[in-house]
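Dear colleague,

Please find below the structure that I am handing over to you. My findings follow it.

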Amino acid sequence: MTTYTFPKDFFWGTASSGPQTEGRFDGDGKGDNIWDYWFSKEPERFFNQVGPDKTSYNYLRYKEDVELMTKTGHNSFRTSIQWSRLIPDGVGEVNEKAVAFYNDYIDELIAHGITPFINLYHFDMPMALQEKGGWLNRETVDAYVRYAKICFDLFGDRVKYWFTHNEPIVPVEGGYLYDFHYPNEKNLKHAIQVVFNEALASSLAIKAYHESQDGQIGIILNLTPSYPRDEKNAEDVKAARIADAFFNRSFLDPAIKGEYPEDLIAIVKDLDMIPQHTPEDLKTIKDNTIDLLGINYYQPRRIKAKENPADIDPNCPMPEDYFDYYDMPNKKMNPYRGWEIYEKGIYDILINVRDNYGNIPCYISENGMGVEGEERYINANGQIKDDYRIDFIKDHLRYLHQAIQEGANCLGYHLWTCMDNWSWTNAYKNRYGLIAVDLDKEGKRTIKKSGYFFKTLAEQNGFSD
Ligand code: BG6
C-alpha cells in the first residue's frame, strides 16, 4: 500500500465564482455585467437557454453552503466578488446590500474555520464599462484599481488571500479570438491590448494591496502545458514553444518575472501589434509581481508544426498561424467537456514553476471533471455515486504529491467546484461539484459520494491505495 501524505496546513477546498453561483434577486441592487447582457440578447447561445439569473442560489443559501463546506472537508474556499454587484455601473456608488452580503459570507466562512480566498475578476465585466470598450479601454484599468482598493478596504481585515484575476487569458480567447465570451470579436490586435491591460490592472492592484494591507495577493492562471507531437522534431518543438508563449507565458512571465518573454515580444513586434503602453506601465509591471500563484489545470495542449501555411488568412492573423493542434491517438478524454485528461500535466507544471519561476509559492486553484447526466448515477439513497470524480482527483493528487516530494512549493489543492454551478455558455450541462444542485427544486443541495471522499481526504491530509 502507498500512502500519500501532504504537507502540514495544506489547503484543501474548492473554488467557485460569484457570477456562477450567486444568482440575481429582486432588490439585491446588482448591475448588469456582460453575461446578463449577452444572455438577454442571444439566449440560444447558452445550453438549454439557461442564463446567469438564478445560477446556484448562493446569494440566498450561502449559510447552508458554508455548513456543507464543513461537511465536505474544506479548510479553505475561493470565490469571487462580482464587480457589478459591489459597484453596479463599475465606477460609481457602492451597493450597500452587496457589502452586507460579502461581509456576512466572509464572516460565516471564518466562523466555520474556512479560510476565504477572494478573487476580484472572474470573466465578469460590468456592462456599463463594456459599452465603453471593456478591457480595451485604459479607463477600465483605472476603474478596476478603484474597485480593488474598495474591496481591500472593506474586506481586507479578514481576507488575507487575494487574487487579481482568474484565468485572464480566457476573456481574451473568448471575447477577442474564438467567440465564446461577449463581445465575440475575432481581432488579434485587440486581444493583445486586452492581455496587456489586464496585466497592468493586476500589477496596479498588487501595488495598492502591498501599500495598505498585510496579506498575500496573487493571480490565478490556467496553465496548459504545451507538448510537441514529437520531441525530436525541432519544428514541432518550436511550434509548441510558441503556443506556450501565447497561452501560458503571456501572463505567467509578467506576473512572476515582471516582464514579457522575448519570443512573444518578437512575434508581436513582427505583427506590428505592440499594445499601447507607457514606459511607466512597464515599470509598474516590473515592480509589482505576485506573492502567490494559483494554478488551474484541466488539460494539456498537443501541438505540431504548421502543416499547411495556406490556412493563414493575412487579413485575420491568429495564434494558430504559428502552429497546428495535434490530435494525439488514444488520448484519455473527458467526453462531456471534450478535454483531454492527462494527469502528469500537473506535475510538469509544478516542476516548471520550481525550475523556471523561482519556485514561487503556489497552489492548485482549480482541477476538476465536468460530467453530463450525473442523475444516472443516483443510488437508492438519492446520492450521486461519482466514483469517476474520486478517481480523477486521486490520479492528479499522486502526481501533485510527487512534485512536492521533488521540491515543488505547492501549498494546496482546490477542486472545481463545491456546488454544481453555472458554466457560462455550457450553463448546467456538465456538473463539477462535490455537491449536487437540483435546479427544479430551487437549488436543493445533496452531497455526492465525492464530497464524503473529500472530507476524509482533508481530515487525513492525504490518502492511501
Ligand atoms: C475554468 C473557470 O476555466 O474552468 C471556471 O475558471 C469554469 O469558471 C471551469 O467554470 C470549468 O470550465 P467550463 O468551461 O466547463 O465551465
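Is Phe 47 buried, exposed or partly exposed? The model is a predicted one, and in it Phe 47 has a relative accessibility of 30%, so it counts as partly exposed. Phe 47 belongs to the loop that runs between helix H2 (34-41) and helix H3 (58-71). Outside its neighbours within four places in sequence, Phe 47 is in contact with Glu 372, Thr 425, Asn 426, Ala 427 and Lys 429. Arg 61 is 14 residues from Phe 47 along the chain, and 24 Å separates the C-alpha atoms of the two.

The chain as a whole

DSSP runs in the chain come to 15 helices and 19 strands. For 465 residues, a compact globule would be expected to have a radius of gyration near 23 Å; the chain has 21 Å, which agrees with that expectation. Along the principal axes, the C-alpha atoms fill a box of roughly 60 × 55 × 45 Å. Of the 465 residues, 60% count as buried. Among contacts with a separation of 6 or more, 78% are between residues 24 or more positions apart.

The exposed area of the chain is about 18,400 Å², and 49% of it is supplied by carbon and sulfur atoms. The chain carries 52 positive and 72 negative charges, and the mean positions of these two sets are 3 Å apart.

The annotated position

An unreviewed UniProt entry places the feature "active site" at Glu 366. This residue is in strand S13, which spans residues 362-366. Glu 366 has a relative accessibility of 3%; the cut-off for buried is under 20%, and Glu 366 therefore counts as buried. Leaving out residues up to four places away in sequence, Glu 366 touches Ala 15, Arg 78, His 122, Asn 166, Glu 167, Ile 295, Asn 296, Tyr 297, Tyr 298, His 414 and Trp 416.

Backbone features

Trp 416, one of the residues that Glu 366 touches, is joined to Thr 417 by a cis peptide bond with omega of about 15°. Thr 417 is in the loop between strand S15 (410-416) and strand S16 (430-431). The loop between S15 and S16 also holds Trp 424. The phi of Trp 424 is near 55°, which is a positive value in a residue other than glycine. Trp 424 has a relative accessible area of 11% and is therefore buried.

A cis peptide bond is also present from Tyr 182 to Pro 183, with omega near 15°. Pro 183 lies in the loop that connects helix H8 (169-176) to helix H9 (188-212).

Glu 442 has a positive phi, near 45°, and is a residue other than glycine. Its place is the loop between strand S17 (435-438) and strand S18 (444-447). With a relative accessibility of 56%, Glu 442 counts as exposed.

Two buried positions

Which residues does Ser 202 touch, not counting those up to four places away in sequence? They are Tyr 144, Thr 164, His 165 and Ile 219. Ser 202 lies in helix H9, and its relative accessibility of 4% means that it counts as buried.

Leu 120 is placed in the loop between strand S4 (115-119) and helix H6 (127-130). Its relative accessible area is 0%, so Leu 120 is buried. Not counting residues up to four places away in sequence, Leu 120 touches Ile 81, Tyr 144, Tyr 147, Ala 148, Cys 151, Phe 152, Trp 162, Phe 163 and Thr 164. Tyr 144 and Thr 164 are thus among the residues touched by Leu 120 and among those touched by Ser 202. Leu 120 and Ala 205 are 85 residues apart in sequence, while their C-alpha atoms are 9.8 Å apart in space.

With kind regards

Technical notes
Residues numbered from 1 in each chain as written. Predicted model: local features only at pLDDT ≥ 70, side-chain atom pairs only at ≥ 80, totals over all residues. Heavy atoms only, no water. Helix = DSSP H or I, 4+ residues; strand = E, 2+ residues; numbered from the N terminus. Rg over C-alpha atoms; globule rule 2.2 N^0.38 Å. Buried < 20%, exposed > 50% of the residue type's maximum accessible area, 1.4 Å probe, protein only. Contact = heavy atoms within 4.5 Å. Areas by Shrake-Rupley, 256 points an atom, 1.4 Å probe, with all protein chains shown as cover. Lys, Arg positive; Asp, Glu negative; His and termini not counted. Charge placed at Lys NZ, Arg CZ, Asp CG, Glu CD. UniProt positions renumbered as here; feature names shortened; annotations may be inferred.
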